[in-house]
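Work through the exercises below with the sequence and the coordinates side by side. Each task is followed by a solution that proceeds step by step.

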Amino acid sequence: MNEKPLFQLTDVVVPQGLLGRVIAHIQYKQQQSRLWRLRISVGAGIASVAALVPVGISLAHSFAVSHFSAYLSLLGDSAVLAYWKEISVSILESLPTTALALTIALVGVLLWSMCIAVRSITSQPVLQHA
Amino acid sequence: MQDHTDEVLIRLYVEGDDNALVVLTARYFDAIYRYCYRLVQDTAVTEDVVQDTFIKVWKSAKTFREGMVFKPWLYRIAHNTAIDFLRKKKMITFSNIGNQEVIEEIFTDESVNIMEETIAQEEKDTLTKKIESLPEHYKQVLLLRAEEMLTLEEISMTLQKPLNTVKSLYRRALKKLGSDSNS
């Protein structure tokens with residue numbers, strides 16, 4: 001590609017300091033965006049922890065009333081190992097799936113929000129322009 | 001980082017290196033300012049357009065895909081931002097920005113070169129005034145080709161027009177400039 005322009009036109013003078021002002025404005029917007037992400041992630045984290053408490057209690061209760069631990073303990077008995085397929089199906093059927101799914105989802109939200117929060121805190125704005 | 005290509009810099013920015021965007025901004029700042037000023041002809045508006053352009057670049061950096069070329073992508077953002085400002089200020093009507101049919105005329109590359117050479121001999125000020133008074137669709141193609149040195153393919157990507165249309169607009173713009181010189 002040609003380095004020289006095809007036509008010579010009158011010069012256009014870029015105002016002094018405009019580049020710095022534009023970069024500063026972009027950095028301001030980036031900072032605002034980071035703060036928003038931090039607020040949302042902290043809010044999501046707090047909400048997920050708050051929800052995990054009752055859900056966790058419900059999950060523990062569900063495990064207690066189900067026969068899950070009883071079926072699980074059978075796996076240690078060599079006499080019933082021949083029926084491992086049936087025992088496995090019973091173990092799976094006795095799982096409190098709804099409470100478990102909810103707990104996993106809330107833990108996922110908590111981990112995601114921690115990830116976003118850490119990224120927002122650790123990403124540094126550029127202090128000077130090239 | 002100054003030696004990195006535009007595409008590498010935008011990828012570095014998307015991966016988390018904010019300094020890469022600063023380098024890209026500094027690299028194209030004057031050229032984008034110049035192009036926008038030629039379109040809008042107003043210093044204050046140009047400053048707003050240029051600022052909005054680079055903010056849009058920052059916001060849409062993640063949409064820049066492997067295989068895309070940065071320069072026409074950037075110029076497209078700048079062009080669209082300038083046109084939006086002009087529309088808001090009603091400085092151009094919709095029909096002025098290339099909605100007319102462009103009839104393909106037969107030019108050889110040699111005749112285009114002759115036109116370019118003839119026009120290049122004009123005085124700077126006279127030539128600048130003539131280009132700035134051209135209809136918008138001619139002016140845009142001419143500025144991008146002659147001053148910003150984009151290839152016709154890049155102009156086609158910038159203006160989102162078919163290549164043949166861009167070629168035709170360019171030739172007609174040169175012809176119009178040439179005929180204005182003779183009148």
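**Exercise 1: the fold of chain A**

Chain A holds four helices and zero strands, in a model that is predicted. Describe the order of the elements of chain A and the share of its residues that count as buried.

Solution. Read from the N terminus, the elements of chain A follow the order α-α-α-α. Of its 130 residues, 27% count as buried. The accessible surface of chain A comes to about 8,700 Å², and 68% of that belongs to carbon and sulfur atoms. Turning to contacts between residues at least 6 apart in the sequence of chain A, 80% join residues at least 24 apart.

**Exercise 2: the interface**

Determine what chain A and chain B bury between them, and which classes of residue chain A brings to the contact.

Solution. The contact takes 32 residues from chain A and 40 residues from chain B. Together the two chains bury about 3,000 Å², with 74% of this on carbon and sulfur atoms. Four residue pairs are in polar contact across the interface. On the side of chain A that touches chain B, there are 17 nonpolar, nine polar and six charged residues.

**Exercise 3: salt bridges between the chains**

Identify the salt bridges between chain A and chain B, and place A:R34 and B:D18 in their helices.

Solution. Two salt bridges are counted between the chains. One of them pairs A:R21 with B:E47, whose closest N and O atoms are 3.5 Å apart. A:R34 also forms a salt bridge with B:D18, where the corresponding separation is 2.6 Å. Because A:R34 lies in helix α1 (residues 18-65) of chain A and B:D18 in helix α2 (residues 18-40) of chain B, this pair joins two chains. Both A:R34 and B:D18 are buried.

**Exercise 4: salt bridges within chain B**

Explain which parts of chain B are tied together by the pairs B:R27 with B:D6 and B:R34 with B:E147.

Solution. The side chains of B:R27 and B:D6 meet in a salt bridge of 2.6 Å, N to O. Since B:R27 lies in helix α2 and B:D6 in helix α1 (residues 6-14), the pair ties together parts that are 21 residues apart in sequence. B:R27 is partly exposed at 32% relative accessibility, whereas B:D6 is buried at 10%.

The next salt bridge joins B:R34 to B:E147, with the closest N and O atoms 3.8 Å apart. B:R34 belongs to helix α2 and B:E147 to helix α7 (residues 136-147), so this pair connects parts 113 residues apart in sequence. B:R34 counts as partly exposed at 23% relative accessibility, while B:E147 is buried at 8%. Finally, B:R34 and B:E147 belong to a network of salt bridges that also includes B:R38, B:E132 and B:E148.

Key: Residues numbered from 1 in each chain as written. Chains lettered and ligands numbered in written order. Predicted model: local features only at pLDDT ≥ 70, side-chain atom pairs only at ≥ 80, totals over all residues. Heavy atoms only, no water. Buried < 20%, exposed > 50% of the residue type's maximum accessible area, 1.4 Å probe, protein only. Contact = heavy atoms within 4.5 Å. Areas by Shrake-Rupley, 256 points an atom, 1.4 Å probe, with all protein chains shown as cover. Buried area = accessible area lost by both parts, 1.4 Å probe. Salt bridge = Lys/Arg side-chain N within 4 Å of Asp/Glu carboxyl O. Polar contact = N/O pair within 3.5 Å; in protein donor to acceptor, adjacent residues only side chain to side chain. Nonpolar A, V, L, I, M, F, W, Y, C, P; charged D, E, K, R; others polar.
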